[in-house]
Amino acid sequence: MAGAPQSQPLESMRAWLYDSANGALEKNMRLVDDAPLPFHQTLPKDAVLVRVQYSSLNPVDYKLPEMGLLGRALVSIPASPGLDFSGVVTQTGEAVTAYSVGQQVYGRLNPTRHGTLGEYVCASTDGCAALPEGVSLKDASCIGTAGQTAYQCIVPNVKKGDRVFINGGSGGTGTFGIQIAKAAGCYVTTSCSGRNAEFCQSLGADEVIDYTKEDVTDILKKKGQVYQLVVDNVGSEPPNLYETSDHFLLPEGKYVQIGGKMSLADIRVMVSRMLWPSFLGGGKRKWEFLVTKNDHGHLEQIGEWMKDGKVKAPIEDEFRYDDVPKAFEKLKTGRTKGKIVVSSK
């Protein structure tokens, strides 16, 4: 499909914007009809302009704006939050050959002031993939951040038959993690509250630990060194999970942390895991904090698994575009099972 720049008659678009996140992002957002388009005059040659049909929310969407000065250093304001999207291509850059106008796509943006809660997004080709036949735009909108994060911390670190422990299996990344680990042929143990145990089992978890009734660390220690990989979606609970991981991780195993709150206590835990030496009580297994990177191949593979029924979008709730602040309020409860999506249709 040969790509070529098309005329762009639009001068502005609808978008949810914020100038400040003091007191909570959702309390500072406003819906406007005259937001600037996500590029200046000419679309980048390796990008596509997409009219957003669905976006899915992630904790980073509010955590970044609420970081104050650091957040503003990363994303200038006024800004529209959101990274994950699905929609229809309306324009292609001059170097783009893989996509054409009218094609349905999904993907993830890097942090930008022109996020997916705007009517249009400018997506790079490495952060975009064509929608597979049989997969809905709504389901595909959930893949971007949670799907790629789960893929990148699991697939490179395991082989068929390995055992994986996922700390926090019922959230967005955890639900994708369970399914991707199973697609990779692994035995999966996960932790969640008892009310979400059946949900995690329905996604493929072989074993579920109810952290509200059981000591997660003690149960894992009793199993011995059997796990190849620990994926920590929580960050600070249990607080000694990494320090005791040598009791249940194989000597060559790895501990990958991808979650955590922004409180001083949580930051302290993460820094200690990074820097505290094992002979002073620190962890004895390889530790990594994963930073998600856009990868066309990873997006495409997850889409194919979704097409084949090996991975499904774990959507808990869908919000209308006018109700974006309510969607963030629900996301912030920390009690969602899977993903929250926003319909822009």
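Begin by selecting Thr189, which counts as buried because its relative accessibility is 0%, where the cut-off for buried is under 20%. The model on display is a predicted one, and the values quoted on this tour are computed from it.

**Stop 1: Thr189 and its surroundings**

Show the secondary structure around Thr189: the residue belongs to strand S9, which spans residues 187-192. Next, display the side chains of Thr189 and Tyr227, which are joined by a polar contact of 2.9 Å. To complete the environment, add the other residues that Thr189 touches beyond four places in sequence: besides Tyr227, these are Val164, Phe165, Ile166, Glu207 and Ile209.

**Stop 2: helix H10**

Move to residues 324-332, which form helix H10, and select Val324, Pro325, Ala327, Phe328 and Leu331; these residues are buried. They lie on the same side of H10, because they cover an arc of only 155° around its axis. In an α-helix there are 3.6 residues a turn, so residues three or four places apart point the same way.

Which elements cover the buried residues of H10? Among them are strand S1 (13-17) and helix H1 (60-63), together with strands S14 (315-320) and S15 (339-343). Colouring these four elements separately will display the cover. Before leaving, select Gly334, just after H10, where phi is positive at about 70°.

**Stop 3: the largest cavity**

Turn now to the empty space in the model. Rolling a probe the size of a water molecule over the atoms shows where such space is left. The structure contains one cavity of 30 Å³ or more. The volume of the largest cavity is about 110 Å³. To find it, select Leu64, Pro81, Gly82, Leu83 and Thr112, the residues nearest its centre among the 13 that line it. By class, the lining of this cavity comprises eight nonpolar residues, four polar residues and one charged residue.

**Stop 4: the second largest pocket**

Keep Thr112 selected, since this residue is also among those closest to the centre of the second largest pocket. This pocket holds about 190 Å³ of space. Its lining consists of 13 residues, and Leu109, Cys122, Ala123 and Ser124 join Thr112 in the group closest to the centre.

Which strand supplies the largest share of the lining of the second largest pocket? Select residues 120-124: this is strand S6, and three lining residues come from it. Colouring the lining by class ends the tour, with six nonpolar, five polar and two charged residues around the second largest pocket.

Methods:
Residues numbered from 1 in each chain as written. Predicted model: local features only at pLDDT ≥ 70, side-chain atom pairs only at ≥ 80, totals over all residues. Heavy atoms only, no water. Helix = DSSP H or I, 4+ residues; strand = E, 2+ residues; numbered from the N terminus. Buried < 20%, exposed > 50% of the residue type's maximum accessible area, 1.4 Å probe, protein only. Polar contact = N/O pair within 3.5 Å; in protein donor to acceptor, adjacent residues only side chain to side chain. Contact = heavy atoms within 4.5 Å. 1 Å grid on protein atoms, 1.4 Å probe; cavity = no way out; pocket = protein on both sides within 12 Å on 5 of 7 lines; lining within 4 Å. Points joined across faces, edges and corners; volume = space filled by probe spheres on them. Nonpolar A, V, L, I, M, F, W, Y, C, P; charged D, E, K, R; others polar. Arc of directions from axis to C-beta.
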